[in-house]
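Student: Could you take me through the backbone oddities in this one, slowly? I'd like to know where each of them sits and what surrounds it.

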Amino acid sequence: MPISKSRYFIVLFIAFELTTIVARARAQSDSTESSADVATPVEPLPPGIDEATLFAQLLTHNELRNAALAGYTEQRTYAVTDTTGKVRAQESGQMEYHAPDMKMFTTTSESGSGIVRRLALNPLIASEIEAASGKQHHDSSVTPANYKFKLLGEQQVGPYHCFVVQATPMRPDKYLFEGKVWIDADDFGIARIAGHPAKKLSFWIERADFVREYQRIDGFWLPQKDETFVQVRLYGKKVLVIDHQSYTLTAATPTDESAQSAQR
C-alpha cells in the first residue's frame with residue numbers, strides 16, 4: 001500500500017473520535033443516505049417539553065447513569081470495509097472498562113491488511129484508551145456550552161420511543177458534530193446519533209458522516225454499533241464499522257431507579 005494511501009486511514013479515524021462524543025459528552029449521499037434516517041414518522045411533541053427542559057433532564061440523568069456504572073467488558077470488532085461490504089481489515093477483542101477512567105483492550109483475532117491494522121485500527125484503539133484516562137481532553141460533551149437543540153418531535157427508533165432533536169454546534173470544531181440526536185422519552189438516555197463533523201477534518205477527507213446506535217442492557221445504555229462513512233479524495237468512499245456485543249456489566253449500588261442506567 002502506498003504511503004499516501006495509508007495516510008487516509010490515519011485521517012479516517014479522526015472521524016471516529018466523534019463517536020465518543022456522547023460517551024463523554026454520521027446524513028449520507030447516494031447509497032448511504034438511508035442509513036442515517038429512521039423509517040418511522042416524526043410525531044408531534046407532547047405539551048410541556050422544550051429544549052431547555054430536555055437538556056436539563058439529559059444532563060441530570062447522565063450524571064446519575066455515570067455514577068452508577070462501575071465497569072463492563074464487551075466483545076468488540078473493528079472493521080474497515082468498502083461500500084460493497086468487502087472487509088479490508090478487521091480486529092476483534094475484549095474491551096474492559098473500570099470507572100472512572102480505565103480501559104484495556106485485548107486482541108483475540110485479526111485479519112486483512114496488516115498495514116491498515118497497524119496504521120489505523122491499533123492507533124484508534126489506543127486513542128480511545130488515552131481519551132478515557134484523560135490524556136487526550138476535548139470538550140465534546142452534549143451540553144449547552146457545545147450545542148444548541150431544536151426539538152423536531154417524537155420518533156420510534158427500534159424498541160425505543162424518543163425525542164428527536166437537531167443538534168447545532170456552538171463553534172466549528174472537528175470534535176463536535178452537526179446532526180440529529182434521539183433521546184429516549186422514558187429515561188433520557190441517548191439512543192442514536194447521526195451527523196458529520198462541525199469542521200472539515202482534512203484536505204483529503206471530502207466528507208465524513210457517522211451513525212452511532214445505543215442499546216439498553218439491564219437498564220444501562222451502551223454502544224451497539226458505530227458506522228463512519230468517509231469520502232476520500234482520489235480513493236473514494238470507505239466505511240469503518242465497530243460492533244459492540246456480549247456485554248458483562250458491573251453496576252454500583254443505585255440510590256434510585258433512575259441511577260440504574262449508564263451511558264458510556
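Tutor: Here is a walk through the backbone, one spot at a time. Keep in mind that this is a predicted model.

Let's start with the peptide bond between Ala99 and Pro100, which is cis, with omega at about 5°. Where does that put the proline? Pro100 is in the loop that runs between strand 2 (87-98) and strand 3 (102-112).

Next come the positive phi values. Phe188 isn't a glycine, yet its phi is positive, near 60°. You'll find Phe188 in another connecting stretch, the loop between strand 6 (177-184) and strand 7 (190-197). Is that residue buried or exposed? Phe188 has a relative accessibility of 11%, and the cut-off for buried is under 20%, so it counts as buried.

Ser246 also has a positive phi without being glycine, in this case near 55°. Ser246 is part of a strand, namely strand 10, which covers residues 236-251. Its relative accessible area is 55%, and exposed means over 50%, so Ser246 goes down as exposed.

While you're looking at strand 10 (residues 236-251), have a look at Thr81 too, over in strand 1 (residues 69-82). Thr81 is buried, at 9% relative accessible area. Which residues does Thr81 touch, leaving out those up to four places away in sequence? The list is Lys86, Val87, Arg88, Lys238 and Val239.

Definitions and conventions:
Residues numbered from 1 in each chain as written. Predicted model: local features only at pLDDT ≥ 70, side-chain atom pairs only at ≥ 80, totals over all residues. Heavy atoms only, no water. Helix = DSSP H or I, 4+ residues; strand = E, 2+ residues; numbered from the N terminus. Buried < 20%, exposed > 50% of the residue type's maximum accessible area, 1.4 Å probe, protein only. Contact = heavy atoms within 4.5 Å.
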